[in-house]
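Thanks for coming. I will walk through one structure, starting from a single residue and working outward to the salt bridges and the helices.

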Amino acid sequence: MMIRKIAILGATGSIGTQALEIVRLHPDRFSAICLTAHSSSEKLFDLVREFRPKVAALCKEPAILPEDVRFCEWFFGEDATQRALEASGADDALCAVVGIAGLPAVWTALGVCERVLLANKEALVAGGDLVLERARKLGREILPVDSEHSAIFQCLRAREGNPVRRLILTASGGALRDWPAEEMESATVEQVLRHPTWKMGGKITVDCATMLNKGLEVIEANRLFGMPGEKIDVVVHPESVIHSMVEFEDGAVLAQLGNPDMRGPIGYAMGFPERIPYGASPLQLPAYGALTFREPDFARFPLLKLAYAALEAGGTAPILYNGANEVAVARFLAGRLRFGAIARTVIAAMETIPTGPVRALEDIYAADQAARRFAEGWIGGNDGI
């Protein structure tokens with residue numbers, strides 16, 4: 001059996017460390033040939049010592065590079081991830097860099113790897129048609145790692161050419177799903193990061209609490225599966241057992257179920273088309289007693305509804321949506337913005353900044369910078385702490 005050489009971009013984050021658990025379990029299947037991180041140098045040094053990759057990268061250069069990790073080729077600087085990827089000779093790239101910062105890595109991975117295992121939804125939300133066209137032109141596979149898109153991908157493999165009526169994305173609802181609107185306004189960072197079912201990084205956990213993350217997933221589902229927004233529904237499913245569903249024209253619905261464990265979709269992408277065991281606990285449905293569902297509350301979670309408007313507007317609108325949110329979430333995590341002001345910031349950016357077409361990467365970065373400048377100024381003038 002051929003060992004697949006994998007580059008794990010964002011190796012010290014939640015997705016990266018869980019992917020390395022699968023590499024650790026299956027050394028006969030995978031070799032972590034490239035490991036990258038933004039600034040978590042000590043964590044990356046430990047991973048390099050264990051997995052002994054060919055190349056490694058840190059965007060923030062450490063003061064000292066320990067002698068015992070110098071056996072591999074190191075890259076430092078803002079574009080270190082891309083340069084390491086180009087030098088690695090990896091078959092697959094697991095792209096788990098957070099935010100639009102992951103777009104250059106995805107772009108590079110499409111150029112040098114056979115497959116991109118996509119855990120960075122912002123890259124596809126912002127990159128849109130440009131990323132998809134590059135994948136088509138180069139004949140590269142993009143395999144979804146998000147649990148919801150992995151579930152849809154798995155269900156669609158059973159379609160056998162039958163038409164799809166709609167996609168149904170499930171949402172946990174985040175840490176504040178049952179909070180009254182007036183209490184959500186002043187939720188603390190600690191409260192927001194207390195996700196009821198998933199263990200994830202800070203940014204995505206905040207996005208779950210605003211349900212903007214589900215909005216990004218609606219846009220990503222449009223990109224990945226070619227479904228218009230009106231055929232992509234969201235349902236709140238607190239137990240997080242059904243990861244998403246596909247409804248066909250005859251009314252039949254296929255769902256993918258499993259315990260909430262990100263190693264499932266990560267391993268499915270890594271091993272595709274084979275399923276890779278990772279020590280998952282068997283799904284015990286009687287233990288849950290009941291699986292519940294509810295409609296999303298657009299009044300308490302306006303950023304989910306705004307995602308559909310951004311998708312319909314097209315052009316730079318999804319980029320503005322994402323860019324303003326990244327600024328607001330960073331401010332919130334730093335304790336410099338009220339939780340309720342995250343939504344107000346994104347809404348103000350979308351209502352104020354003109355949208356335009358996206359013809360090149362430069363258009364993406366220009367729109368992203370416009371959203372960030374607006375958000376910084378708006379927060380400073382209106383809702384900052």
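Start with Gly271, which sits in helix 11, residues 263–271. Keep in mind that this is a predicted model. Is Gly271 buried or exposed? Its relative accessible area is 5%, so Gly271 is buried. Setting aside neighbours within four places in sequence, Gly271 is in contact with Arg29, Phe30 and Ile276. For a sense of distance, take Lys203, which is 68 residues from Gly271 along the chain: the two C-alpha atoms are 27 Å apart.

One of those contacts, Arg29, takes us to the salt bridges. In general, side chains of opposite charge can pair when their charged atoms come close. How many salt bridges does the structure hold? The number is 30.

Arg29 forms one of them with Glu274, at 3.5 Å from N to O. This pair links distant parts of the chain, 245 residues apart. Arg29 is in the loop between helix 1 (14–25) and strand 2 (30–37), and Glu274 is in the loop between helix 11 and helix 12 (285–288). Arg29 has a relative accessibility of 14%, so it counts as buried. Glu274 is at 42%, and therefore counts as partly exposed.

Next, Lys121 and Asp146, whose side chains meet in a salt bridge at 3.2 Å, N to O. They too link distant parts of the chain, with their positions 25 residues apart: Lys121 belongs to helix 5 (residues 121–138), and Asp146 to the loop between strand 7 (141–144) and helix 6 (147–156). Are these partners buried or exposed? Lys121 is buried, at 3% relative accessible area, and Asp146 is buried as well, at 8%.

A third pair is Arg338 and Glu185, at 3.4 Å, N to O. Here the separation along the chain is 153 residues. Arg338 lies in the loop between helix 14 (317–333) and helix 15 (340–352), while Glu185 lies in the loop between helix 7 (181–184) and helix 8 (189–192). Arg338 is partly exposed at 34% relative accessibility, and Glu185 is partly exposed at 25%.

There is also a network of salt bridges, linking Arg165, Arg166, Asp233, Glu247 and Glu249.

Now back to helix 6, which follows the loop that holds Asp146. How many of the residues of helix 6 are buried? The count is 10 of 10. Among them are Glu148, His149, Phe153 and Leu156. What covers the buried residues of helix 6? The cover includes strand 7, strand 8 (164–171), helix 10 (212–225), strand 10 (242–248), strand 11 (253–257) and helix 11. Helix 11 is where we began, with Gly271.

Helix 10 also packs against helix 5, the helix that carries Lys121. The axes of helix 5 and helix 10 come within 9 Å and cross at roughly 25°. Since angles under 35 degrees count as roughly parallel, that makes helix 5 roughly parallel to helix 10. The crossing is left-handed.

Which residues meet there? From helix 5 they are Lys121, Glu122, Leu124, Val125, Gly128 and Leu132, and from helix 10 they are Asn213, Leu216, Glu217, Ile219, Glu220, Arg223 and Leu224. By type, the contact has six nonpolar, two polar and five charged residues. Lys121 therefore appears twice in this talk: buried at 3%, it pairs with Asp146 and takes part in the contact with helix 10.

Definitions and conventions:
Residues are numbered from 1 along each chain as its sequence is written. This is a predicted model: local features need pLDDT of at least 70, side-chain atom pairs count only at pLDDT 80 or more; totals for chains, interfaces and linings use all residues. Side-chain values use heavy atoms; hydrogens and water are left out. Helices (H or I, at least four residues) and strands (E, at least two) are DSSP runs, numbered from the N terminus. Buried means under 20% relative accessible area, exposed over 50%, partly exposed in between (1.4 Å probe, protein chains only). Contact means heavy atoms within 4.5 Å. A salt bridge is a side-chain nitrogen of Lys or Arg within 4 Å of a carboxyl oxygen of Asp or Glu. Axes are lines fitted to C-alpha atoms, for helices over the stretch in contact, and angles run from 0 to 180 degrees between N-to-C directions. Angles under 35 degrees count as roughly parallel, over 145 as roughly antiparallel, 65 to 115 as roughly perpendicular and the rest as oblique. A crossing is left-handed if the near helix is turned anticlockwise from the far one by less than a right angle, and right-handed if clockwise. Ala, Val, Leu, Ile, Met, Phe, Trp, Tyr, Cys and Pro count as nonpolar, Asp, Glu, Lys and Arg as charged, and the others, Gly among them, as polar.
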